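Colleague: Please pick one part of this model and take me through it slowly. I'm new to this, so keep it friendly.

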Amino acid sequence: MTTKHPSGTKSWIVYGPQACGKTRNAKAIANALKLNCICDDWTPGQEAPMTDHLILTQHRPDEPMYRRVMSFDEAMTHI
């Protein structure tokens, strides 16, 4: 069961190589970051939700507009 948190929290993008465990650990990471929704298999260039989402990707975003970005290894330190 996932605990629901108040919405309005800024989204986070978590990147890492295929099969590193992003999807398997997504609920725990989202919970630790107080996010209610998970968006898997996002690629740079696609629209990304600005609030309340854990966005998982294999690609590290390079655009400076993505301020809330962390590697999968960093994300795992939060759970």
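Modeller: First, a word we'll need: a residue is buried if its relative accessible area is under 20%, exposed if over 50% and partly exposed in between, using a 1.4 Å probe and protein chains only. Helices (H or I, at least four residues) and strands (E, at least two) are DSSP runs, numbered from the N terminus. This is a predicted model, where local features need pLDDT of at least 70, side-chain atom pairs count only at pLDDT 80 or more, and totals for chains, interfaces and linings use all residues. Residues are numbered from 1 along each chain as its sequence is written, and side-chain values use heavy atoms, with hydrogens and water left out.

Now let's zoom in on strand S3, residues 53–57. 5 of its 5 residues are buried, so S3 is largely enclosed by the rest of the structure. And that goes for both faces: His53, Ile55 and Thr57 are buried on one side, while Leu54 and Leu56 are buried on the other.

Who are the neighbours of S3? The strand belongs to an open sheet of 4 strands, paired in parallel, and the order S2-S3-S1-S4 puts S3 between S2 and S1. At the edges are S2 (37–39) and S4 (69–71), each pairing on one side only. Two strands count as paired if DSSP finds at least two bridges between them.

On one flank, S3 is joined to S2 by 3 bridges in the parallel sense. Look for Cys39, which stands opposite Ile55 of S3; that's the Ile55 we just met as a buried residue. On the other flank, S3 and S1 run parallel over 4 bridges. There, Tyr15 has Thr57 of S3 as its bridge partner. Keep going past S1 (residues 12–15) and you reach S4, joined to S1 by 3 bridges, again parallel. Val14 is partnered there with Met70 of S4.

Finally, follow the Leu54 and Leu56 side of S3. Both belong to the largest nonpolar core (buried Ala, Val, Leu, Ile, Met, Phe, Trp, Tyr and Cys residues joined through side-chain atoms within 4.5 Å), which has 12 residues, including Val14 and Met70, plus Trp12 and Phe72. S3 is one of the elements that give two or more residues to this core, along with S1, helix H1 (26–32) and helix H2 (72–76). H1 gives the most, with 3 residues.

So here's the picture of S3: a strand with both faces covered, paired with S2 over 3 bridges and with S1 over 4, and largely enclosed by the rest of the structure.
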